[in-house]
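Trainee: I would like to request a close look at a single part of this structure. Please choose one residue and describe its surroundings in a connected account.

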Amino acid sequence: NAGTEADVYISVYGERGDTGSRQLLKSQKPKKFLKGQTDIFAVEAVHLGHLYKIVIGHNGLGSGNGWFLNKVVIKDPITDLDYTFLCHRWLDQGQDDGNIARELTVTDASTFPGRQELELKREETWAAEKWKFRKGNTLQFYNRLTHGFICLSPDNRVDALGDKKNKYGKVSFMWMYA
């Protein structure tokens, strides 16, 4: 009962405007919005630039109108970018929070205009931190709950007893968990 027979509508928002509410009419599948099925729709619109959110919902009509929506992926044919909007929730008056429409923001980092800057930061961070993961290093994690160390040894042994003393004399690598 995760599919719906209701009429589904979507509004797509980008840096240059929005599509307004559009009914998703013709899927490439014979029957649309079935449980576990991926439906593909063509929606014509002016180019909206980088997309940042959608509003998707249904009219609540018909038998079995509740719908569990996993995600929406929009492919921009001009830039060839995929925009992913995760939902993982019910659009159902009798399930979850009772809403039959959801506002979803883009979740795919590859579509953000600052992607190159984020990738450069990731590379810089890895360059500074990769020494910790070299062969032969012992990783030590400090457990604030037990006030002991958990050690991952180069020979794949794990000392998870949470000893109160650091066996190796000093902390070469420590992550603190709350």
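Mentor: The account below begins with one side chain and then turns to the strands around it.

The model is predicted, and the residue chosen is Arg-102, which belongs to strand β7, residues 101-105. The relative accessible area of Arg-102 is 8%; because buried means under 20%, Arg-102 counts as buried.

Two polar partners of the Arg-102 side chain can be named. One is a backbone atom: the oxygen of Trp-90 lies 2.6 Å from a polar atom of that side chain. The other is the side chain of Asp-96, with which the side chain of Arg-102 makes a polar contact at 3.4 Å. Both Trp-90 and Asp-96 also appear among the residues that Arg-102 touches when those up to four places away in sequence are not counted. That list further includes Cys-87, Arg-89, Leu-91 and Asp-97, together with Ile-54, Val-55 and Ile-56.

The strand context comes next. Strand β4 spans residues 51-58, and β4 pairs with β7 in the antiparallel sense over five bridges. Within this pairing, Ala-101 of β7 has Gly-57 opposite. Strand β4 is itself mostly covered, with six of its eight residues buried.

Strand β4 is also joined to strand β1, residues 8-14, by seven bridges, and these two strands run antiparallel. Here Tyr-13 has Lys-53 in β4 as its bridge partner. Strand β4 is thus paired with β7 and also with β1, while Arg-102 sits buried in β7.

Notes. Residues numbered from 1 in each chain as written. Predicted model: local features only at pLDDT ≥ 70, side-chain atom pairs only at ≥ 80, totals over all residues. Heavy atoms only, no water. Helix = DSSP H or I, 4+ residues; strand = E, 2+ residues; numbered from the N terminus. Buried < 20%, exposed > 50% of the residue type's maximum accessible area, 1.4 Å probe, protein only. Polar contact = N/O pair within 3.5 Å; in protein donor to acceptor, adjacent residues only side chain to side chain. Contact = heavy atoms within 4.5 Å. Pairing = 2+ DSSP bridges.
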